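Let's take a friendly walk through this model, starting with one residue in a loop and then moving on to a sheet. Please have the sequence and the 3D view open as you read.

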Amino acid sequence: MNVLLLSPGKLTFYSSTVYPHFYPRLGLRTLAACTPAGIDVTILEGEQANSVDCDQPVDLVGISVLTPHAHRAYQLADNFRRRGKSVVLGGPHPSLNPAEAQAHADAVVIGEGERVWPVLLDDYRHVALQPVYKADRLLDRADIPDPLRLDSDPERYSHFPTESGRGCAIGCDFCLVGPLFGSSFVPRPVDRVIAEVEVAKQLYGPDVTITFSENLLGSPPAAQALARSLEPLQVRWCAEGDLYHLNDDAYLDILQQAGCTWIYVETKLPNRAKNPRIFDLYQVATQRIQAKGFHLSVNFTIGYDDHDESLAQDMRDLIIDGGLVPYSFVQLLTPWPGTRCYNRLDRAGRILTRDWDLYDNLHLVYRPRQMSSQALWQMYLDFCRELGTLKQAHFKALARSTPGELPV
């Protein structure tokens, strides 16, 4: 039996243009790892998925679908099915929009795939594939499988993902993490994480950089417990956090001593007039992180209901005057279909398009509350152009001052 696991399209705009060889898809490798022996698994992702041979000799095709790749995924699914292949659709978009996905698949997986994947494969072998497989509960975080590591990965990627836990307690109504992985961050046992990091070092060499799954740094007790065990390994690692918890010298010192080199933050850009305390905290926290010597990437999201046209000055004050030009990106809020945010905007008649290709944080797909769509769109374009020009000037100056070195 031959299974093809496929992720069509780019993972994100930034990871595929700014960091074209950043990290592999973890979900596909986790499913491959929990595939029973005797089944051959092939993984296609990123640029490999730009040209897919739908006539290749496979029995079952599993496609993991993010919203901006849904149309491409459906096209591939339809092509495979016309050739007699069975297709399973899973991932965030089908999980929250299963009825839509069912029109293009023999089976749809809702929720965490590890719980149902072995059962689905057994049903397929017995010609008893069901139309829907829904995980009835979250996977115990101690039971998360170690992903399948591919020999070709070091040639294609610079960072290697490792799951430190799943879920998020913040509960943003636009976010996919809570509905898919739980309303609290539940850490994976430290010994399991450490064992996987040691395997990655053996496979990819001592200079490997590990990227931990989302929300780790937003849970200081879990992050510090993991950091204490990582310190003897002397491995470089990156993780996602939030500026509220990272505004702490002692916490940053623990992370740095354990080998953390890069911190990624994705956050709402605060409205200075309405949230002056948060605005000031963000300024202090980003300066604190940089002063400690961490590489920092901050992705600010704009377009929330409390954002108005004063946001243009807020972006300048926080990002440009705050010295965050080389470390910042700006993206538009995207109401992912099936989330509370999307349903709320849909009921209010504020959704402008259902072209999923445009649901990528780079296009405006809904009507803002306190300004016109054109005003927000123009503000976003103008600031991105200015930020891009300033980034180019920064990196050119850096290259002149440090010949032979590449900017981070």
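Look for Leu352 in the loop that joins helix α14 (340–347) to helix α15 (373–401). Keep in mind that this is a predicted model. Is Leu352 buried, exposed or partly exposed? Its relative accessibility is 44%, and because partly exposed covers the range between under 20% (buried) and over 50% (exposed), Leu352 counts as partly exposed.

Who are its partners? Leaving aside residues up to four places away in sequence, Leu352 touches Leu364, Val365, Tyr366 and Arg367, and also Ser373. For a sense of distance, try Ala37: this residue is 315 residues away from Leu352 along the chain, and 47 Å separate their C-alpha atoms.

Now turn to the sheet. Six strands form an open sheet with parallel pairing, in the order β7-β10-β11-β12-β13-β14. At its edges are β7 and β14, each of which pairs on one side only. On average, neighbouring strands of this sheet are turned by 20° against each other, direction ignored.

Here are the residue ranges of four of these strands:

| Strand | Residues |
|---|---|
| β7 | 159–162 |
| β12 | 260–268 |
| β13 | 295–302 |
| β14 | 328–332 |

Let's zoom in on one pair. Strands β12 and β13 pair in the parallel sense over seven bridges. Which residue stands opposite Tyr264? That is Ser297, in β13. Across β12 and β13 lies helix α12 (residues 276–291), which runs at about 155° to β13.

Note on methods
Residues numbered from 1 in each chain as written. Predicted model: local features only at pLDDT ≥ 70, side-chain atom pairs only at ≥ 80, totals over all residues. Heavy atoms only, no water. Pairing = 2+ DSSP bridges. Helix = DSSP H or I, 4+ residues; strand = E, 2+ residues; numbered from the N terminus. Axes fitted to C-alpha atoms, helices over the stretch in contact; angles between N-to-C directions. Contact = heavy atoms within 4.5 Å. Buried < 20%, exposed > 50% of the residue type's maximum accessible area, 1.4 Å probe, protein only.
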